[in-house]
Amino acid sequence: MIDVGGTDVLANLAASVSNVASWVGSNIQAYQGLTIKYIVAGNEVQGGDTRNIVPAIRNLNAALSNVGLGGIKVSTSVRFNVVANSFPPSAGVFTQGYMTDVTRLLSSTGAPLLANVCPYFAYKDNPRDISLNYATFQPGTTVRDDGYGLTYRCLFDAMVDAIYAALEKGGTAGLRVVVSESGWPSASGFAAMADNARAYNQGLIDHVGGGTPKRPGTLETYIFAMFNENFKLGDLTEKHFGLFNPDKSPAYPIRF
């Protein structure tokens, strides 16, 4: 998948189809040998910039269709906090109105909703009520959702099913969810250590083939990230989500 870029690029693509045609020519058509599955119209877009998501997706769809590349699906990647009341999962609902427009558009085009689902941050913010085992796919914790009539054994499933609940309430129950980011840091923060990162990412790899209690079946999921980003700004843990170090050596053992 390819992200269009920052919010300035997103605004430019939302402004006119001609802007998008130029972008598609430079960034998609120029790489005919590359298989591109999704174009991401903004990653975790916040605030007033969210108004550009829907027009950018529409313009991108039109420009791709014009050059015979309509098979590439255009979506946007959202933070998990677009969902409120995420516990129990059946109570999940979208917090902001723009999500209704986004999900209805995606439903009409056959593109999935891309969602960044990181149990690490939920655990870090509430370690009193969330056990480490539950957050890292380890046995020992079960949570019952009476609304769904389902039992959860890992936080990842509960978070994804909260998104499905929000989609149902928004009238787009059939929209597919693709987890566009999920991972755990291996250093420099609370519960950020190699053993936890390996447990989480190995658990994720072994788990997603079966889907979630609400939506069994393969759940398309992408690990964040391939490499530790040693020059990345922000919280120190952000430098340590990689499966590999910058010199290409493994950050810890992992099995695909």
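The following paragraphs lead through a predicted model, beginning with its sheet and ending with its helices and the loops beside them.

The sheet offers a convenient starting point. It is an open sheet of 6 strands, arranged in the order 1-2-3-6-9-10, and the pairing is parallel. Its edges are formed by strand 1 (2-3) and strand 10 (221-223), each of which pairs on one side only. As a general principle, the side chains of a regular strand alternate between the two faces of the sheet.

One may now follow the sheet from the edge at strand 1. Strand 1 is joined to strand 2 by 2 bridges, and the two run parallel. Within this pairing, aspartate 3 has valine 40 of strand 2 as its bridge partner. On its other side, strand 2 (38-43) is joined to strand 3 by 4 bridges, again with the strands running parallel. Here asparagine 43 stands opposite serine 77 in strand 3. How enclosed is strand 2 by the rest of the structure? Of its 6 residues, 5 are buried, so strand 2 is largely enclosed.

The edge at strand 10 may be examined in a similar manner. Strand 9 (residues 177-182) and strand 10 run parallel and are joined by 2 bridges. Valine 179 has threonine 221, in strand 10, as its bridge partner. Threonine 221 deserves further attention. A polar atom of its side chain lies 2.9 Å from the backbone oxygen of leucine 219. Leaving out residues up to four places away in sequence, threonine 221 touches Phe156, Val179, Leu204 and Val208. Val179 thus appears both as the bridge partner of threonine 221 and among the residues that threonine 221 touches.

Attention may now pass to the helices. Helix 4 (residues 98-109) lies across strand 3 (73-79) and strand 6 (113-116), and runs at about 150 degrees to strand 3. Strand 3 and strand 6 stand next to each other in the order of the sheet.

A further arrangement involves helix 1 (residues 7-15) and helix 2 (residues 17-27), whose axes come within 5 Å and cross at roughly 120 degrees. Helix 1 and helix 2 are therefore described as oblique to each other. Which residues meet where these helices are in contact? Helix 1 contributes Val9, Asn12, Leu13 and Ala15, while helix 2 contributes Asn19, Val20 and Trp23. By character, the residues of this contact comprise 5 nonpolar, 2 polar and no charged.

Two loop residues complete the account. The first to be considered is asparagine 52, which is found in the loop between strand 2 and helix 3 (53-66). Is asparagine 52 buried or exposed? Its relative accessibility is 12%; residues under 20% count as buried, and asparagine 52 is therefore buried. Not counting residues up to four places away in sequence, asparagine 52 touches Leu10, Ala11 and Ala14.

The other residue is isoleucine 72, located in the loop between helix 3 and strand 3. With a relative accessible area of 9%, isoleucine 72 is also buried. Apart from neighbours within four places in sequence, isoleucine 72 is in contact with Ile28, Ile36, Lys37, Tyr38, Ile39 and Leu64. Isoleucine 72 and threonine 35 are 37 residues apart in sequence, and their C-alpha atoms are 9.1 Å apart in space.

How values were computed. Residues numbered from 1 in each chain as written. Predicted model: local features only at pLDDT ≥ 70, side-chain atom pairs only at ≥ 80, totals over all residues. Heavy atoms only, no water. Axes fitted to C-alpha atoms, helices over the stretch in contact; angles between N-to-C directions. Parallel < 35°, antiparallel > 145°, perpendicular 65-115°, else oblique. Contact = heavy atoms within 4.5 Å. Nonpolar A, V, L, I, M, F, W, Y, C, P; charged D, E, K, R; others polar. Buried < 20%, exposed > 50% of the residue type's maximum accessible area, 1.4 Å probe, protein only. Pairing = 2+ DSSP bridges. Polar contact = N/O pair within 3.5 Å; in protein donor to acceptor, adjacent residues only side chain to side chain.
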